[in-house]
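Here's a walk through one protein model, from its overall layout down to a few backbone details. Have the structure open as you read.

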Amino acid sequence: MVNDIIKKFQKSNILLNNNAYSEISSSEDYDYLIGELIRYVEDNDEFIITTKTIRDYQQRERERIHEEIKENPETKKIRQTLETPYEILLDTTNKSYTDGDIQDLNKYFNSRYEKLRKIIQQNPEFRTVNDLKTTKQKIDSLHSIGIINSINKTKNGHVIVEIEDPTGDASVILLKDDEDLITQSSSLVKDEVIGVVGSTNGNLIKADEIVHPGVIRQDISGTAGMDFSIAFISDVHIGSKQFDETAFNRFIKWVNGNEGDDAKREMANNLKYLVIGGDLVDGIGIYPNQDKELKIKDIYDQYEEAARLLGDITDIPIILSPGNHDATRLAEPQPAITDKYAKGLCEQKNIEMVSNPSIVNLDGVKVLVYHGRSFDDMVMAMNITHADTDQIMKLLLEKRHLSPIYGERNALASEFEDYMVMEEVPDVIHTGHVHINSYTKYKGVHMLNSGTFQKQTEFQKIYNIVPTCGQVPILNKGKMKLLDFSS
Ligand SMILES: [Fe+2]
Ligand SMILES: [Fe+2]
């Protein structure tokens, strides 16, 4: 490689100093950079490349890109006439009170239980509920609600589910001959709240039916009369060597009305909001040896770079929620990113920092933003893959909980209140984290995963995970469209 790089410059009669050489050779795409630098010094009648030459070239490139992507005057005119009201319906940022003792854990689970019990009790069958302490006697028609402690298969093929409520606990048997129930049991997970319909002999509850809090089909959706569009992105991973800056700039160029055919430009001119669902930057120390994968090794610099890139979006609100790579508490709910790390972003007037999860009402469209770290636990518990996000999202919506499994990979803060319960059914659920796009409409709710702007990493290569880089879901006038900005 040494000879290769030096030869290329020699051929053009250009000298290279040592520092410039080491910077060029450590660049991911050095072939492209060499070509660009040669053109740059020739244009400027120079004959030696130093690190300053590289800085000057990079600055000129930034300015060129900025000129190319800054808001189209036509788009600006249209946006000045658009109203972009929004309201934050759930933000947990300043609602963290726990210091993590066992009392708090009880309060946390009680909150989870009570909230989900209330939802299950909207089902008339569960208007009266048998407390578990009363199930030590014979009951022919039983309706109980409990949190799952464990799920086990017996030697004979039956499934035993241990449940608990604030009054006591009980064992529920799902008989092996009841195929529907046995199939359903494969999607049950620890710590979720379920309703049980069945009978008991005072020892074991025999289940006839397992009921999830569930969701009634949403016929009147906030997206029905929507005459604008919302763009959803996540997992940008700015700072990573694999961050696809070209694709990201192309996306911003589109936002600003400068990219694509007439249909795409019209969609951009209708754009009123951008929602970012976490992992805006790659972070530091997120996994062992991450620094080898980083182009920007300092967290402040990563956020400054993010501010520079998002700074080209000036006239629409940007809702920004964190993910597990961002600089905030890892345990969910994650408070919003603050100016401690992301000063530039916090100072940008059109950026609204919110928690993960959060709910925002964007001119009548209720969007639940959740990064999706709990998918890791769901994948493990249910033996499915990260590409099955739509299946996971359906299940979570039925369970009415964003992260039911407690104490595994996804850390949950045992707050006094469980904010991960989906008390309201939103119009849109926006997730990320898995780096693979998905979209489904389930019972009237748009459920999407917004993919990534990070190309395949070494880790993903090993596990054969193919990210959908640069593909952005746009909810345009109530219909989901996927725009491809990949490079
Ligand atoms: Fe990510
Ligand atoms: Fe993530």
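What follows goes from the whole chain to helix packing, and then to some local spots.

## The big picture

First things first: this is a predicted model. The protein has 14 helices and 19 strands, and its C-alpha atoms fill a box of roughly 95 × 50 × 40 Å along the principal axes. Of the 487 residues, 41% are buried. If you take the contacts between residues at least 6 apart in sequence, 70% of them link residues at least 24 apart.

## Domains

The chain splits into domain 1 (2–68), domain 2 (70–94 + 217–484) and domain 3 (102–211). Domain 2 is built from two stretches of sequence, 70–94 and 217–484, with domain 3 at 102–211. Between domain 1 and domain 2, the C-alpha centres are 35 Å apart, and 5 residues of domain 1 touch 5 residues of domain 2. On the domain 1 side, that contact consists of 1 nonpolar, 1 polar and 3 charged residues.

As for annotation, an unreviewed UniProt entry lists residues 230–433 as "domain: DNA polymerase alpha/delta/epsilon subunit B". In the model this span is 27% helix and 16% strand, and the C-alpha atoms at its two ends are 19 Å apart.

## Helix 4 and its partners

Helix 4 (residues 51–69) is a good place to look at packing. Take helix 3 (residues 30–43) to begin with: its axis comes within 10 Å of the helix 4 axis, and the two cross at roughly 95°. An angle from 65 to 115 degrees counts as roughly perpendicular, so helix 3 and helix 4 get that label. Helix 3 brings Glu 36, Leu 37, Tyr 40 and Val 41 to the contact, while helix 4 brings Thr 53, Ile 54 and Tyr 57. By class, that makes 5 nonpolar residues, 1 polar and 1 charged.

Helix 2 (residues 18–25) also packs on helix 4, at an angle of about 50° and with the axes 7 Å apart. This pair is therefore oblique. Asn 19, Ala 20 and Glu 23 of helix 2 meet Thr 51, Thr 53 and Ile 54 of helix 4, a mix of 2 nonpolar, 3 polar and 1 charged residues. Thr 53 and Ile 54 of helix 4 turn up here and in the helix 3 contact as well. Helix 8 (residues 245–255) is another partner, with axes that come within 9 Å and cross at roughly 35°. There, Ile 65, Glu 68 and Ile 69 of helix 4 meet Asn 249, Ile 252 and Lys 253 of helix 8; the contact divides into 3 nonpolar, 1 polar and 2 charged residues.

## Helix 13 and Ile 436

Now move to helix 13 (residues 389–399), where Thr 389, Ile 392, Met 393, Leu 395, Leu 396, Leu 397 and Lys 399 are buried. Their cover includes helix 12 (374–382), strand 15 (428–431), strand 16 (438–442) and strand 17 (445–449). Just past the helix, Arg 400 has a positive phi of about 55°.

The loop between strand 15 and strand 16 holds Ile 436. Is Ile 436 buried or exposed? With 21 other C-beta atoms within 10 Å, it is buried. Outside its neighbours within four places in sequence, Ile 436 contacts His 386, Ala 387, Thr 389, Asn 449, Gly 451, Pro 467 and Thr 468. Thr 389 in that list is also one of the buried residues of helix 13. The C-alpha atom of Ile 436 is 7.9 Å from that of Cys 469, which is 33 residues away along the chain.

## Backbone oddities

Most residues other than glycine have a negative phi, and most peptide bonds are trans. A few spots here go the other way. The bond joining Glu 332 and Pro 333 is cis, with omega about 0°, and Pro 333 is in the loop between strand 11 (318–321) and helix 11 (343–347). The bond from Asn 356 to Pro 357 is cis too, with omega near 0°; Pro 357 is in the loop between strand 12 (351–353) and strand 13 (358–362).

Two aspartates have a positive phi. Asp 191 has a phi near 75° and is located in the loop between helix 7 (179–185) and strand 7 (193–201). It has 19 C-beta neighbours inside 10 Å, so Asp 191 counts as partly exposed. For Asp 363, phi is near 45°, and its loop runs between strand 13 and strand 14 (365–369). With 17 other C-beta atoms within 10 Å, Asp 363 is partly exposed.

Methods: Residues are numbered from 1 along each chain as its sequence is written. Chains are lettered from A and ligands numbered from 1 in the order in which they are written. This is a predicted model: local features need pLDDT of at least 70, side-chain atom pairs count only at pLDDT 80 or more; totals for chains, interfaces and linings use all residues. Axes are lines fitted to C-alpha atoms, for helices over the stretch in contact, and angles run from 0 to 180 degrees between N-to-C directions. Helices (H or I, at least four residues) and strands (E, at least two) are DSSP runs, numbered from the N terminus. Angles under 35 degrees count as roughly parallel, over 145 as roughly antiparallel, 65 to 115 as roughly perpendicular and the rest as oblique. Two residues are in contact if their C-beta atoms, placed from the backbone, lie within 7 Å. Ala, Val, Leu, Ile, Met, Phe, Trp, Tyr, Cys and Pro count as nonpolar, Asp, Glu, Lys and Arg as charged, and the others, Gly among them, as polar. UniProt positions are given in the numbering used here, feature names are shortened, and annotations may be inferred rather than shown by experiment. A residue is buried if 20 or more other C-beta atoms lie within 10 Å of its own, exposed if 12 or fewer, and partly exposed in between; C-beta atoms are placed from the backbone. Domain bounds come from an automatic or database domain assignment.
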